[in-house]
Amino acid sequence: MSAAAASPAPGWLAEASRTSPWSELSVVVAGLGVSGYAAADALIQLGARVTVLDERDGEAERERGTILSILDATVVLGPGSTASLPPGTHLVVTSPGWKPSAPLLVAAAAAGVPVWGEVELAWRIRDPATPWLVLTGTNGKTTTVKMLASMLRASGLRVAATGNVGDPVVSAMLDPGGHDVIAVELSSYQLHWTYSMAARSAAVLNVAPDHLDWHGSLDAYAADKARIYAGVETACVYNVADPLTEQMVRDADVREGARAVGFTLGIPAVGMVGVVDDVLVDRAFIAERHPPMNMAAELASVADVQPPAPHNVANALAAAALARSIGVPQVAVRDGLRGFEPEAHRIQTIATIDGVGYVDDSKATNPHAAAASLTAYPSVVWIAGGLAKGATFDELVAGAAARLRGVVLIGADRGLIAQSLARHAPDVPVVELSDTHNEAMDRVVAAAAELARPGDTVLLAPACASMDMFANYVARGDAFAAAVRRREHH
């Protein structure tokens, strides 16, 4: 790929906004997934000349490609379509899952062509008067952004909950109805390709090894997460129990006057939110800068958080801190939590059979998420395994060993967990099932029931991705729930 194939971008591109002359630009959209389609649609509406490339040529891609072609985009699908950068390209907008090593993106970098993510494009064409509240983390992102949106709506604000969950951010920017506030969940992939965002307030919930196959190292992964604090105006919300998140805030280049606000499951210091006697309290966003303890604003009861597992209370505190940073009243935090419906497959109780609870946390696709889930129950028969994505399990098993009644292992990388169990929980009975088809769940649930005693919880918290046996974590959770219900009605 020669650098000559690129055209120098117009000088305004570095400062591009909604009102820039986009018709001067030739833009390549890399990938025709949900966010790629939204980005292409937005660019066409702005007047840019758009070319969309995707190696995939499935039904979904063809359907989206047909619509974009009607709108005058050039769409090239199928193997080889992304091998080189089209001549005359001024800008590449990439889908978040694309690795920086993808040939098209390498070619763009070599040619000096900027590469943006869909979120970067969204930030450029936003209404500057509408605040963004943004959050990331290895686990809990979707739950937290939905809690946040519920609190914002309870205070009467028009809110778009967007990003890694739900609609792409760029779609919300073009919603003719407008919004009072944008609540954005961002993955590390999305943050990697986002450069100029400066949110009103931002939170990092936690950082644990994940997606290391994509980022290359934990340091690179954490550095991408840390981008979320850059330029923050009001509050950098961090997790007191996760020192790396506090360090990210210390290292961030923020707007003058921005504050660090910790959230903790313990009693909060001044400038934090936390828990006192089963009540969520705010010592950060109240009128007095150094209030006595009895000046803490009561936000909600722990019982208002559903389910009230410790990591979910932490999610609620992070959401509350973001909401309070833009002046949302205490009562709206409480009402927002009470009105929040947890998503399926996130510590969802399916049934209680013969005194044993069966809980679906199929969304726990990495060790950090599984650890949070395991701490919510005193005695567990743990169902785990799948695709490890480069993760290790020693720390998880060592921390959970005392809670484990037994373990049922499934999936391609179950041997890795078995080795950790042998090292750190050698007395815990382990059943390994080698079935790789998804009908195996009946045998999995039967094996778990055999190990369980009344008062125990059979917990599907696999600590691994699902694609070795299932279409996704939802299908895995659905298979588990169906198997439990068959057993219940047996």
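The second largest cavity in this predicted model holds about 30 Å³ of space. Seen across the whole structure, there are two cavities of 30 Å³ or more. Rolling a probe the size of a water molecule over the atoms is what shows where empty space is left. As for what surrounds the second largest cavity, its lining brings together Ser35, Pro96, Gly117, Glu118, Val119, Gln190 and Trp193. Sorted by character, that lining comes out as three nonpolar residues, three polar ones and one charged. With Gly counted as polar, the polar set is Ser35, Gly117 and Gln190, while Pro96, Val119 and Trp193 make up the nonpolar set. That leaves Glu118 as the charged member of the lining.

Zooming out to the chain, the secondary structure runs to 17 helices and 20 strands. The radius of gyration is 24 Å, and the globule rule gives 23 Å for 490 residues, which is close, so the chain is as compact as a globular protein of that length. Laid along its principal axes, the C-alpha trace spans about 70 × 60 × 40 Å.

Then there is the matter of what is tucked away and what is on show. Of the 490 residues in the chain, 56% are buried, with buried taken as under 20% relative accessible area. The accessible surface amounts to about 19600 Å², and carbon and sulfur atoms account for 51% of that area. Contacts tell their own part of the story: among those between residues at least 6 apart in sequence, 67% link residues at least 24 apart.

Conventions: Residues numbered from 1 in each chain as written. Predicted model: local features only at pLDDT ≥ 70, side-chain atom pairs only at ≥ 80, totals over all residues. Heavy atoms only, no water. 1 Å grid on protein atoms, 1.4 Å probe; cavity = no way out; pocket = protein on both sides within 12 Å on 5 of 7 lines; lining within 4 Å. Points joined across faces, edges and corners; volume = space filled by probe spheres on them. Helix = DSSP H or I, 4+ residues; strand = E, 2+ residues; numbered from the N terminus. Rg over C-alpha atoms; globule rule 2.2 N^0.38 Å. Buried < 20%, exposed > 50% of the residue type's maximum accessible area, 1.4 Å probe, protein only. Contact = heavy atoms within 4.5 Å. Areas by Shrake-Rupley, 256 points an atom, 1.4 Å probe, with all protein chains shown as cover.
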